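Colleague: I would like to learn how to read a model like this one, feature by feature. Could you walk me through it?

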Amino acid sequence: MTCDIHNDAADCIVVENSWNDIPPDEGCDATWGLSVAVSDGEGIFTCRGDATAQGPVLPYGYEIEFGPFLCHSKETGVTCDNQETGHGFKVNRASFDLY
């Protein structure tokens, strides 16, 4: 799993997952169903052309904050929230929760 926090969003790519209930996006011409993100609204799946899991590791028990976004890494998965709106997501290899 790789996660990033940008000025306007936090997102995670979970290449190796067993998610089953992913709504299709017929407008996506790239990789669908491996990436989730939160910006101002509820967490969403994203269409990514660069869905690879590479980058620095945030060890279990740590968190990172940038702007309104806060992400926690735990053994049960990664949770990223927009602290201003209360929206976010929780992901791991077996499940996802978008809120």
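Modeller: Happy to; we will take the sheet, then the charged pair, then the core and the aromatic rings. Please keep in mind that this is a predicted model.

Colleague: Let's begin with the sheet. What is the order of the four strands, and how do they pair?

Modeller: The strands of this open sheet come in the order S1-S2-S3-S4, and the pairing is antiparallel. Strand S1 (2–5) and S4 are the edge strands; each has a single partner strand, so one side of each lacks a neighbour in the sheet. On average, neighbouring strands are turned by 30° against each other, with direction ignored.

Colleague: How many bridges join S1 to S2, and what lies between these strands in the chain?

Modeller: Four bridges join S1 to S2, and a hairpin of four residues leads from S1 to S2. To check the register, look at isoleucine 5, which stands opposite alanine 10 in S2. On to the next pair: S2 and strand S3 (residues 31–38) are also joined by four bridges and run antiparallel. There, alanine 10 faces valine 38 in S3, while isoleucine 13 is opposite serine 35.

Colleague: Which residues of S2 point one way and which the other?

Modeller: Ala10 and Cys12 point one way, Asp11 and Ile13 the other, and all of them are buried.

Colleague: Asp11 catches my eye there. Which residue forms a salt bridge with aspartate 11?

Modeller: The general idea comes before the case. Side chains of opposite charge can pair when their charged atoms come close. Here the partner of aspartate 11 is arginine 48, and their closest N and O atoms are 3.0 Å apart. Arginine 48 belongs to strand S4 (residues 44–48) and aspartate 11 to strand S2 (residues 10–13), so the pair links distant parts of the chain, 37 residues apart. A search of the whole structure finds one salt bridge.

Colleague: Are arginine 48 and aspartate 11 buried or exposed?

Modeller: The cut-off for buried is under 20% relative accessible area. Arginine 48 has 16%, so it counts as buried, and aspartate 11 is buried as well, at 6%.

Colleague: Now the core. Which residues have the most contacts inside the largest nonpolar core?

Modeller: That core has 13 residues, and those with the most contacts inside it include Ala10, Cys12, Trp19 and Val36. The elements that give it two or more residues are S2, S3, strand S6 (69–74), strand S7 (77–82) and strand S8 (88–91). Valine 36 is a good one to select on screen: leaving aside neighbours within four places in sequence, its contacts include Cys12, Trp19, Phe45, Phe89 and Leu98.

Colleague: Last topic, the rings. How many aromatic pairs does the structure hold?

Modeller: There are four aromatic pairs. In one of them, the ring centres of tryptophan 19 and phenylalanine 96 are 5.5 Å apart and the planes stand at 70°, so this pair is edge-to-face. Tryptophan 19 sits in the loop between S2 and S3, and phenylalanine 96 in strand S9 (residues 96–98), so the pair ties together parts 77 residues apart in sequence. Phenylalanine 45 and phenylalanine 96 are edge-to-face too, with centres 4.9 Å apart and planes at 80°.

Colleague: How accessible are tryptophan 19, phenylalanine 96 and phenylalanine 45?

Modeller: Tryptophan 19 is buried at 8%, phenylalanine 45 is buried at 9%, and phenylalanine 96 is partly exposed at 25%. Ring pairs link Trp19, Trp32, Phe45 and Phe96 into a cluster.

Terms used. Residues are numbered from 1 along each chain as its sequence is written. Side-chain values use heavy atoms; hydrogens and water are left out. A salt bridge is a side-chain nitrogen of Lys or Arg within 4 Å of a carboxyl oxygen of Asp or Glu. Buried means under 20% relative accessible area, exposed over 50%, partly exposed in between (1.4 Å probe, protein chains only). Two strands pair if DSSP finds at least two bridges between them. Axes are lines fitted to C-alpha atoms, for helices over the stretch in contact, and angles run from 0 to 180 degrees between N-to-C directions. A nonpolar core is a set of buried Ala, Val, Leu, Ile, Met, Phe, Trp, Tyr and Cys residues joined through side-chain atoms within 4.5 Å. Contact means heavy atoms within 4.5 Å. Rings of Phe, Tyr and Trp (its six-membered ring) pair if their centres lie within 6.5 Å; planes under 30 degrees apart count as stacked, over 60 as edge-to-face and the rest as tilted.
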